[in-house]
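Open the model in your viewer and keep the sequence panel visible. The stops below are given in the order in which to select them.

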Amino acid sequence: MRALILVGGYGTRLRPLTLTVPKPLVEFCNKPMIVHQIEALKGAGVTEVVLAINYRPEVMMGFIAEWEPKLGVKIHISQEKEPMGTAGPLALARDLLDDGSGQPFFVLNSDVACEYPLKEMLDYHRARGAEATILVTKVDDPSKYGVLIINEYGQVQQFVEKPKEFVGDKINAGIYCCSPKVLDRIELRPTSIEKEVFPHVAADGGLYAFTLGGYWMDVGQPKDYLKGEAQAGQHRQWLMRASASAAGKEIVLCTPRALVCKGLGVLVSGTKGPLR
């Protein structure tokens, strides 16, 4: 199975942290942010990851050289000559995402940290025969976000951008599971998957929402990055689970401070970071 991570942007919202390194390589809970995502993808059965990049490609190549053998996942580079938005990179990397088997693939924004329920999301996507599934999360103040209107069957009916009146409290969490046929809707040009692709999928009845029940944070700005680190410390189970799953260890028991893995005994996380 394959996945694409949208790495491309300059990370201007996260400056000064991104003045020297691309946003996905900024340390988050003792590891580059993107490593947490790749570990979670591996735990869900992903064997190949495509990084859609535009900024500092030489730095990303150095990351691959160091981390590809550590993670045990094949990492490809798809380099944009110009910023391609959130859908254009899928068209550019089409040959890497669609191997002809009909297998769905994941798409992740690189500045999202959450509990990554990717296995459950994949099962949900397949069970409904969805063309695309969006991970959604509940927020207290939906007026700052784009809200999804979802029916009782989990189908996305409508998108409402920054609603002035309450229409719902579930927002796009920045992680998608897509069937290869969604690629036929995307032109090779700068384009938005949220504004120019998903509304058409929804109109055809093929867009579903999978609700995240736990920790989620957009860490694309310094204040959110700091808040995300603090909250991740309180919800460190997801970090430990992702690391253990990526290492192929069967989890027997998980508590806020310790993880019990079959054949390894008890592994304890540090007070300032995740299990390594």
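**A tour from strand S4 outwards**

Begin with Ile5 and Leu51: the latter, in S4, is the bridge partner of Ile5. The coordinates belong to a predicted model.

Extend the selection to strand S1 (residues 2–6) and S4, which pair in the parallel sense over five bridges. Now take S4 alone, residues 48–53. Five of its six residues are buried, so the strand is largely enclosed by the rest of the structure.

Next, add strand S5 (residues 74–79). S5 pairs with S4, again in the parallel sense, over six bridges. To see one point of this pairing, pick Ala52 and Ser78, the latter in S5, which stand opposite each other. Follow the chain from S4 to S5: the path goes through helix H2 (residues 57–71), and this β-α-β crossover is right-handed.

**The cores**

Which residues touch the most other members of the largest nonpolar core? Select Leu51, Phe63 and Phe106; these are the ones, in a core of 42 residues. H2 supplies the largest share of this core, six residues. A second, separate core has 28 residues, among them Leu97, Ala132, Tyr176 and Val197.

Return to Phe63 and show its contacts. Leaving aside residues up to four places away in sequence, Phe63 touches Leu25, Ile34, Val35, Ile38, Leu51, Glu68 and Ile75.

**Strand S6**

Select strand S6, residues 105–109. Are its residues buried or exposed? Five of the five are buried. Colour the two faces separately: Phe105, Val107 and Asn109 lie on one side, Phe106 and Leu108 on the other, and both faces are covered.

S6 has pairings to inspect with two strands already numbered or about to be. With S1, it runs parallel, joined by five bridges; at one of the positions, Phe105 in S6 is the bridge partner of Arg2. Then add strand S11 (residues 170–178), which runs antiparallel to S6 and is joined to it by four bridges. Here Phe106 stands opposite Cys177 in S11.

**The whole chain**

Finally, zoom out and select the protein chain. Its secondary structure comes to eight helices and 16 strands. Of its 276 residues, 53% count as buried. Turn on the surface: the accessible area is about 12,700 Å², and 50% of it belongs to carbon and sulfur atoms. For a contact map, take the contacts between residues at least 6 apart in sequence; 68% of them join residues at least 24 apart.

Technical notes:
Residues are numbered from 1 along each chain as its sequence is written. This is a predicted model: local features need pLDDT of at least 70, side-chain atom pairs count only at pLDDT 80 or more; totals for chains, interfaces and linings use all residues. Side-chain values use heavy atoms; hydrogens and water are left out. Buried means under 20% relative accessible area, exposed over 50%, partly exposed in between (1.4 Å probe, protein chains only). Two strands pair if DSSP finds at least two bridges between them. A crossover is right-handed if, with the strands pointing away from the viewer, the path from the first strand over the helix to the second runs clockwise. Contact means heavy atoms within 4.5 Å. Accessible areas come from the Shrake-Rupley method with a 1.4 Å probe; for residues, only the protein chains shown count as cover. A nonpolar core is a set of buried Ala, Val, Leu, Ile, Met, Phe, Trp, Tyr and Cys residues joined through side-chain atoms within 4.5 Å.
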